[in-house]
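Here are my notes after going through the model you sent. Have it open while you read, and take the points in order.

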Amino acid sequence: MSLIEKIKRKDRLSQEEGEALYELDLFTLGELADDIRKERFGKKSYFNINRHINPTNVCADVCKFCAYSATRKNPNQYTLTHEQILEIATTAIEKGAKELHIVSAHNPNDGVEWYMGAFRKIKDKFPNIHIKSMTGAEVDFLHRQYGLSYDEVLDLMIESGVDSMPGGGAEIFDEDVREYLCKGKVTSAQWLEIHEKWHNRGRESNATMLFGHVESRANRIDHMIRLRDLQDRTGGFNAFIPLVYQKENNFLKNCNYPSGQEILKTYAISRIILDNIPNIKAYWATSTINLALIAQEFGANDLDGTIQKEAIQSAAGAKSANGMELNEFIELIKSSGFTPVERDSLYNELVFHE
Ligand code: V47
């Protein structure tokens, strides 16, 4: 049976078949991914009203791809106090944010309470806000730095008000590439173990893949299949987010930067391979908004949100430092032929913008 027939029959694809998908022409691949997307979501495209907060750039770890961390080329260290974080959260919520997406560097100076206290202070003031925070890499960092077990960190997160975990820190699971990219950080097995433990607590999370640097196509498929295997066991992943590598101000050299076609193929392939992860997010901060809008026709059904402020990808060249205005975001989705649907962080549909 041909690969295309297998996809149409919704058979699950292997590593080799996943790699073979890249050999299909872009439009065939796009149509296959779009059929799956349309069957599940029709013309709906999800987004949320969120605020990214990056409370410190002081980092104990060294990742070659990172332009955000202050221990590398960026000499401007900052660490926000709880009061400053609460002030940012307050302004964001007053402006309509329903989710705070909080991601820090690995701060070795201020203890576990610096992380957890911020969540509690926000939740004390705004009990209904959704806090999406603590990547698998941050959980592992608190374990390494402060001697807590993963279970202890995850329980503390829940007690302090974290609602869901973002997908960061996954990078690329292949051990050799990972060693080159971010030696010493959370390993692939540990990242997956942390998310499994979180899902086993009845909680949901996302999963990212950083691509378009030194990894191979085979590495991307392997990454997706490791996620698919875990999802079979837990069902706890809401969204898969292919993050397009941004190349400025960092130490990663000799990259194979992906063409627009390669990026669209990767979205489409993730839709086909990840038959058990419901949402494929084209995170416009790394793909550019134009390509994210096109990705809606190549398997993606979610564009993340308005962001408001963002420091990690924008440090490496992305145009996301100040987010996007809600009305503009909605109009762009509409004029690309899709129906913008505001969702909450766990993908419940809130508002249809017909
Ligand atoms: O894990 C760091 C990435 C991630 C670069 O869960 C870079 O909904 C591109 O995880 N080029 C953090 N990416 C951001 C993240 C995220 C983003 C949007 C939505 C969600 C979600 C999660 O940023 C890190 C790392 O892979 N990153 N440097 C760079 N130069």
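1. Start with β2 and β3. This is a predicted model, and in it strand β2 (residues 50-53) runs parallel to strand β3 (residues 99-102), with four bridges joining the two. If you want one pair to click on, take Ile53, whose bridge partner in β3 is Ile102.

2. Stay on β2 for the side chains. In a regular strand, side chains alternate between the two faces of the sheet. Here Asn50 and His52 point one way, while Arg51 and Ile53 point the other. Are these residues buried or exposed? All four of them, Arg51 included, are buried.

3. Next, helix α9 (residues 188-200). Its 13 residues should span 18 Å at 1.5 Å a residue, and the end C-alpha atoms are 18 Å apart, so the expected and computed spans agree. The buried residues of α9 are Ser188, Trp191, Leu192, Ile194, His195, Trp198 and His199. Looking down the helix axis, these buried residues fall within an arc of 155 degrees, so they line one face of α9. Ala189 and Asn200, on the other side, are exposed.

4. What covers that buried face? Among the elements over the buried residues of α9 are the helices α6 (136-146), α7 (150-160), α8 (175-182) and α10 (217-234), along with the strands β5 (205-211) and β6 (237-244). Just past the helix, have a look at Gly202: α9 is followed by this glycine, and its phi is positive, near 80 degrees.

5. β5 and β6 turn up again in an open sheet of three strands, in the order β5-β6-β7 and with parallel pairing. β5 and β7 (279-280) are the edge strands, each with a single partner strand, so one side of each has no neighbour in the sheet. Between β5 and β6 there are seven bridges, in the parallel sense. One pair to check is Leu210 with its bridge partner in β6, Leu243.

6. Now the internal space. How many cavities of 30 Å³ or more does a search of the whole structure find? There are two. The largest cavity has a volume of about 730 Å³. Its lining is made up of 43 residues, with Val103, Gly168, Gly169, Ile312 and Gln313 nearest the centre. The elements giving two or more residues to that lining are α6, β5, β6 and α14 (312-315).

7. The largest pocket is a separate item on my list, with a volume of about 390 Å³. It is lined by 20 residues, and those nearest its centre are Gln246, Thr286, Ser287, Thr288 and Ala318. Helix α12 (residues 284-287) gives the most to this lining, with four residues.

8. Last, two backbone oddities. Most residues other than glycine have a negative phi. Met134 is not a glycine, yet its phi is positive, about 75 degrees. Met134 sits in the loop between β4 (130-133) and α6, and counts as buried because its relative accessible area is 0%. Thr288 also isn't a glycine, and its phi is positive at about 80 degrees. You'll find Thr288 in the loop between α12 and α13 (289-295). Thr288 is partly exposed, with a relative accessible area of 46%, and is one of the residues nearest the centre of the largest pocket.

Note on methods:
Residues numbered from 1 in each chain as written. Predicted model: local features only at pLDDT ≥ 70, side-chain atom pairs only at ≥ 80, totals over all residues. Heavy atoms only, no water. Buried < 20%, exposed > 50% of the residue type's maximum accessible area, 1.4 Å probe, protein only. Pairing = 2+ DSSP bridges. Expected span 1.5 Å × (residues − 1). Arc of directions from axis to C-beta. Contact = heavy atoms within 4.5 Å. 1 Å grid on protein atoms, 1.4 Å probe; cavity = no way out; pocket = protein on both sides within 12 Å on 5 of 7 lines; lining within 4 Å. Points joined across faces, edges and corners; volume = space filled by probe spheres on them.
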